[in-house]
Amino acid sequence: MTNETLREQIANLRQPGHCFIKWWGADESLVDYETIDSFLNKIGSIDEVTGIELIDMEGMWRILTELDPDPLSRSAEGGSEVIRWAWKDRGGKEHLTTFPFTPEGVMELMESEFFD
């Protein structure tokens with residue numbers, strides 16, 4: 001798809017609440033997730049996009065829990081919702097890391113060592 005076609009498709013598909021994009025190239029088994037705004041900002045530097053799906057916060061939460069490398073939960077903390085990530089380091093020591101349940105917090109979690 002050309003950059004202009006992608007922009008048009010995103011504009012036509014985007015509904016209130018959509019804040020993430022799942023996209024892939026020729027190899028559909030290799031997908032990437034980003035915030036829509038981040039994707040649109042770097043669209044010119046992406047070589048090939050053959051498909052997209054727009055996702056809201058609850059949809060992204062389902063994706064995260066399906067990937068489930070470590071236990072994730074959501075809870076209220078200080079008037080906001082947070083993601084709690086329980087994980088063990090290589091020595092077996094348990095840790096708990098929290099992220100705000102926002103598009104930015106979800107991306108921070110995904111870009112951390114969550115998938116290592």
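Visitor: Is M1 buried, partly exposed or exposed, and what is its relative accessible area?

Guide: This is a predicted model. M1 sits in the segment before helix 1, which spans 3-13. Buried needs under 20% relative accessible area, and exposed needs over 50%. M1 falls in between, so the class is partly exposed, at a relative accessible area of 40%.

Visitor: Which residues is M1 in contact with, leaving aside its neighbours within four places in sequence?

Guide: M1 and T50 are 49 residues apart in sequence. In space, their C-alpha atoms are 6.1 Å apart. T50 is one of the contacts of M1, and the full set is L6, Q9, V49, T50 and G51.

Visitor: What pattern does the protein chain follow along the sequence?

Guide: The secondary structure comes to 4 helices and 6 strands. Read along the sequence, their order is α-β-β-α-β-α-β-β-β-α.

Visitor: What share of the contacts with a separation of 6 or more comes from residues 24 or more positions apart?

Guide: M1 and T50 give one example of residues far apart in sequence, at 49 residues. For the protein chain, the contacts counted here have a separation of 6 or more. Residues 24 or more positions apart account for 49% of them.

Visitor: Is T35 buried or exposed?

Guide: T35 belongs to strand 2, residues 31-35. Leaving out residues up to four places away in sequence, T35 touches C19, F20, I21, P103 and M107. The cut-off for buried is under 20%. T35 has 17% relative accessibility, so T35 counts as buried.

Visitor: Which residue has its backbone nitrogen 3.2 Å from a polar atom of the T35 side chain?

Guide: A polar contact needs a pair of N or O atoms within 3.5 Å. Here a polar atom of the T35 side chain lies 3.2 Å from a backbone nitrogen. That nitrogen belongs to S38.

Visitor: How many aromatic pairs does a search of the whole structure find, and what is the angle between the planes of W61 and F101?

Guide: The search finds 4 aromatic pairs. W61 and F101 form an edge-to-face pair, 6.1 Å centre to centre. Their planes meet at 85°.

Visitor: How many residues apart are W61 and F101?

Guide: W61 is in helix 3, residues 57-67. F101 is in the loop between strand 6 (94-100) and helix 4 (103-111). The pair links distant parts of the chain, 40 residues apart.

Visitor: What is the relative accessible area of W61, and what is that of F101?

Guide: Buried means under 20%. W61 is buried, at 14%. F101 is buried too, with a relative accessible area of 13%.

Visitor: Which parts does the W85 and F99 pair tie together?

Guide: W85 and F99 form a tilted pair, with 6.2 Å between centres and 35° between planes. The two residues are 14 residues apart in sequence. W85 lies in strand 5 (residues 80-88) and F99 in strand 6, so the parts tied together are strand 5 and strand 6.

Visitor: Which residues do ring pairs link into a cluster?

Guide: W85 is buried, and F99 is as well. Both belong to the cluster. Its members are W85, W87 and F99.

Visitor: How many Å apart are the mean positions of the positive and negative charges?

Guide: The protein chain carries 10 positive charges and 24 negative ones. Take the mean position of each set. The two means are 5 Å apart.

Technical notes:
Residues numbered from 1 in each chain as written. Predicted model: local features only at pLDDT ≥ 70, side-chain atom pairs only at ≥ 80, totals over all residues. Heavy atoms only, no water. Contact = heavy atoms within 4.5 Å. Lys, Arg positive; Asp, Glu negative; His and termini not counted. Charge placed at Lys NZ, Arg CZ, Asp CG, Glu CD. Buried < 20%, exposed > 50% of the residue type's maximum accessible area, 1.4 Å probe, protein only. Polar contact = N/O pair within 3.5 Å; in protein donor to acceptor, adjacent residues only side chain to side chain. Phe/Tyr/Trp six-rings, centres within 6.5 Å; stacked < 30°, edge-to-face > 60°.
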